[in-house]
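Open the model in your viewer and keep the selection box handy. We will go from stop to stop, picking a few residues each time and looking at what is there.

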Amino acid sequence: MVSLSVIIAATLLLTAAAHKVNIIYHNRDIAVKACSTYLTRTATLHGKKDKKGFCNVKAQQALGSMANCLHVLNQTGSIDSFLDSCKHTNLTRAQFDAAYLNASTQLVNTTAVKGFNTTKLFYQPIITPKKKIRNYKDSIGTRFINFNYASWYGIVLIGYWFALVLVSGFFNFLKFAAPNFVQSLNSRIVTKYRKYVTVPATGSKHHAEIKTYFKVFSMVVPTRAESLMIFGWVVLAIIFNCVSYHSVSPNTVWKYKYAEMGRKIADRTGVMSLYLIPPTVLFAGRNNLLQWISGWKYQRFLILHRWVARVTTLLFIVHAVGMTFNGRGIGKYQQRNGRPYVRWGYVGTIAACLMCFQGLIFLRRKAYEYFLLGHIVLGVLYMVGGYLHVEKDGYHYFYMSAFCLWALDRVLRLVRCATFGVKPAEVELIGEEMMRVTVDKPTWWKAFPGCHAFVSFMRPSCFWQSHPFTVLDSVDGKLVFLIRVKGGVSHGLYKFLSKQPNQRATIKVSIEGPYGAHNPSSRYNNTVFVGGGNGIVGLYSIAMNMAKKSKASQRIKIHWGVRNYLNLQWFYNELQQLSTVNVDTTIYVSDCQCPINTRFMEKNSDSEEDEKSSGDEKSGSDHVSSLKASLPHIEFVEGRPNAEQIVQNEISQTISPIAFTTCAHPAFVDDVRKAVVNNMDKTKQRVDLFEEIQVW
Ligand SMILES: Cc1cc2nc3c(=O)[nH]c(=O)nc-3n(C[C@H](O)[C@H](O)[C@H](O)COP(=O)(O)OP(=O)(O)OC[C@H]3O[C@@H](n4cnc5c(N)ncnc54)[C@H](O)[C@@H]3O)c2cc1C
Ligand SMILES: *[C@@H]1O[C@H](CO)[C@@H](O)[C@H](O)[C@H]1NC(C)=O
Ligand SMILES: *[C@@H]1O[C@H](CO)[C@@H](O)[C@H](O)[C@H]1NC(C)=O
Ligand SMILES: *[C@@H]1O[C@H](CO)[C@@H](O)[C@H](O)[C@H]1NC(C)=O
Ligand SMILES: *[C@@H]1O[C@H](CO)[C@@H](O)[C@H](O)[C@H]1NC(C)=O
Ligand SMILES: *[C@@H]1O[C@H](CO)[C@@H](O)[C@H](O)[C@H]1NC(C)=O
């Protein structure tokens, strides 16, 4: 609802822009411009300081020449357009017609006048040769109609995403509102289409996992459907910048063809890039209404953000090159380069290029916070540079619209943080690699299963950072996150906690959320969750939520792969909770040799009878068996989980539509995707895949 205001504000701004700036040019106005340019070049018909110019009834030769010229050109609506431009002088149609009649009998061919001087005021109406004025109109017209193409094409490029968002949104809505209908869509053709187009990764496998090319260059690979969407859009953008150019020669505006084409290409790319700036900013925001309409994940919008931004940058560069040709052609290159608006244009373009490079994943991976800081600084330069570059032409409304989208996202983020407040959180280190964060939540703060929230730890070293973590919603008014220790903030916390007594501390946190897309798997009769490591958090919360409401006929299955038994430590309470609901759980333990530490067992054995008080005497395998005994509702399998096998088994046994939801190590998630693609046509039932993992 709040994000709706974002869109409304942007639309208002764009509308304002459309009114203030001449975005679409009309032939009737171009005819007037052609006549005034021709007449001004041919003779001086009104005083230089005369503000009324051709509209001045007292300068009959000027008004008469204009009236004659417009009649020669015979462009529908051009006389009205001229009268419109004369509003400030109260010129009437009758005066205009009278001037035309008067002039038509007295027209003079200036070349035939002896001692004629273009710069001296001339008191007679002048003739307009038809061929000449048509050439003027074509030369000027093709220049301005080119802006129209840029605008229409720009609008189509934005509309492309809006259309896809609406269509996807509709289907996403159906997944929740009419699940039986969607799940019945499993004819051979639909399945083939999904098997080869919508479900697979672009290549054979990589999607969640970052793919590295040439050892250094790595990227997040989209799914095949995403690649097709992006490919279609990029091709469209390229075509739109290459077609419908009309060169006019001889040309009354440009002497050299390269100056003409340089300018036309520059105008096209420059104006079209303006249309792409608001969507670029919108797609990158956390509060983006389109996310909510389409049901697309933030990850997908970030992929789109990058591609739209890349194309925009390319257009900037082509614009600059085109203007260089044009500037050289008309001898204004040096002079233009000295002007502040051109220099700001350079600033914007360079910032855009740097961002394209600086945003690449291998730099994001290395130091996310530096990437973010750099991206914001460069983003500001990009916006300010662009704004100042186009302000004199009135095009800055595009930047204002983009800036408003950015600001509104920030405001909504602040509002989300402020309404949650800063609350003390219990942070506890579990084992060597996991932290459990528990914080009271306001009653109105509703987490939905699988959502995530951004957590900021209010410590001097990291209070400005906000990191996304999946919410493991607890029932009793508390919010729980499970955080794996990595290299940045989490490592700082780890060091801090490991020095605390009991390895726990109370730290103030601020929380921004909830974010994320709703998972439709609860609408399926057969739902399978395939998780690994701490990917279980989101899956568990979805499965648990489902199980609490589920009909008896609904089957919920969890496959969870962990490295060793020790890893169960931080999820032990949740695993025990599973005994209260109808969820079938299998845990795969890849490394069974890893010793299970005694502290874990002691911690968790307090409820058991505990006949031998000192755990140290137990051997590792005793611990394992008592662990298993304490989780009788869970099946343990030793060895790595095999995605292909799990998926194949599930699919071959299913008697109803089946949904797989994954969140695990990226390579494993990709294995599951591949397995689903391989096996989806081996059953008559519809097979759906949902990924909870996001990489950005
Ligand atoms: C939707 C979502 C849900 C997540 N849920 C969980 C969870 O429940 N438990 C969990 O342990 N981890 C989760 N993560 C991962 C978690 O966000 C990162 O591990 C954490 O931000 C790393 O912080 P760091 O400073 O300790 O790590 P670093 O060592 O600085 O970075 C480790 C990795 O995390 C990435 N990263 C760092 N900061 C961010 C950020 N602000 N946004 C996105 N990526 C970042 C880096 O690119 C790098 O690849 C989730 C990530 C996403 C996108
Ligand atoms: C007709 O035009 C001439 C010159 O263009 C001008 O001097 C004269 O005043 C005009 N006549 C009327 C009635 O406006
Ligand atoms: C002016 O154009 C109209 C059509 O737009 C045409 O019918 C008319 O004959 C033209 N007049 C002259 C003088 O060419
Ligand atoms: C135009 O007409 C309005 C009202 O009729 C008058 O106030 C104004 O001064 C006129 N402008 C000129 C330039 O004559
Ligand atoms: C035209 O007139 C201007 C002064 O108005 C004069 O400087 C110029 O030399 C004249 N040009 C010719 C070709 O007579
Ligand atoms: C104007 O006069 C010149 C020279 O006398 C002539 O070449 C030209 O054709 C005339 N233009 C028109 C439209 O009659």
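Start by selecting Pro514, which sits in strand 8, residues 504–515. Look at the bond that leads into this proline: Gly513 and Pro514 are joined by a cis peptide bond, with omega at about -5°. Keep in mind as you look around that this is a predicted model.

**A second cis bond**

Now jump to Pro250. This proline is in the loop between helix 9 (224–242) and helix 10 (257–284). The peptide bond from Ser249 to Pro250 is cis, and its omega is near 0°. Why pause at these bonds? Because most peptide bonds are trans.

**The domains**

Next, colour the chain by domain. Domain 1 is made of the pieces 2–21, 141–337 and 394–412. Domain 2 covers 44–125, domain 3 covers 421–515 and domain 4 covers 520–691. If you place a marker at the C-alpha centre of domain 1 and another at that of domain 2, the two markers will be 45 Å apart.

**A helix to check with a ruler**

Select residues 298–330, which form helix 12. How far apart should the ends of its 33 residues be? At 1.5 Å a residue the expected span is 48 Å, and the end C-alpha atoms are 47 Å apart, so the two values agree. Step past the end of helix 12 and you come to Gly331, which has a positive phi near 70°.

**Two asparagines in loops**

Select Asn74, in the loop between helix 3 (60–73) and helix 4 (78–85). Phi of Asn74 is positive, near 50°, and this residue is not a glycine. Is Asn74 buried or exposed? With a relative accessibility of 64%, Asn74 counts as exposed.

Then move along to Asn90, in the loop between helix 4 and helix 5 (93–104). Asn90, again not a glycine, has a positive phi of about 60°. Its relative accessibility is 63%, so Asn90 counts as exposed. These angles are worth a look because most residues other than glycine have a negative phi.

**Ligand 2**

Show ligand 2 and the residues around it: Gln60, Asn102, Gln106, Tyr123 and Pro125. Zoom in on Asn102, where an N or O atom of the side chain is 2.5 Å from an oxygen atom of ligand 2. On its own, ligand 2 has 360 Å² of accessible area, and the protein covers 46% of it.

**Ligand 1**

Now centre the view on ligand 1. How many residues surround ligand 1? There are 20, and the closest are His467, Pro468, Leu482, Arg484 and Ser490.

Three backbone positions are good places to draw distances:

- Leu482: a polar backbone atom is 2.8 Å from a nitrogen atom of ligand 1.
- Gly487: a backbone N or O atom lies 2.9 Å from an oxygen atom of ligand 1.
- Gly488: a polar backbone atom is 3.1 Å from an oxygen atom of ligand 1.

Taken alone, ligand 1 exposes 870 Å², of which the protein buries 84%. To see where the shell comes from, highlight helix 15 (361–366), strand 6 (467–473), strand 7 (478–484) and helix 18 (489–498), the elements that each give two or more residues to it. Strand 6 supplies the largest share, four residues.

**A buried threonine**

Select Thr527 in strand 9, residues 526–532. Thr527 counts as buried because its relative accessibility is 0%. Leaving out residues up to four places away in sequence, Thr527 touches Ser521, Met546, Arg555, Ile556, Lys557 and Ala659. Add Gln554 to the selection as well: this residue is 27 residues from Thr527 along the chain, yet their C-alpha atoms are separated by 7.9 Å.

**Last stop: a buried arginine**

Finish at Arg686, in the loop between helix 24 (666–679) and strand 14 (687–691). Is Arg686 buried or exposed? Its relative accessible area is 8%, so Arg686 is buried. Show side chains here, and you will find a polar contact of 2.8 Å between those of Arg686 and Asp688. Setting aside neighbours within four places in sequence, the contacts of Arg686 include Val182, Gln183, Leu185, Asn186, Val190 and Arg194. Pro657 and Ile658 are in contact with Arg686 too.

Conventions:
Residues are numbered from 1 along each chain as its sequence is written. Chains are lettered from A and ligands numbered from 1 in the order in which they are written. This is a predicted model: local features need pLDDT of at least 70, side-chain atom pairs count only at pLDDT 80 or more; totals for chains, interfaces and linings use all residues. Side-chain values use heavy atoms; hydrogens and water are left out. Buried means under 20% relative accessible area, exposed over 50%, partly exposed in between (1.4 Å probe, protein chains only). A polar contact is a pair of N or O atoms within 3.5 Å; within protein, one must be able to donate a hydrogen and the other to accept it, and residues adjacent in sequence count only if both atoms are side-chain atoms. Contact means heavy atoms within 4.5 Å. The expected span of a helix is 1.5 Å times one less than its number of residues. Domain bounds come from an automatic or database domain assignment. A residue is near a molecule or strand if one of its heavy atoms lies within 4 Å of it. Accessible areas come from the Shrake-Rupley method with a 1.4 Å probe; for residues, only the protein chains shown count as cover.
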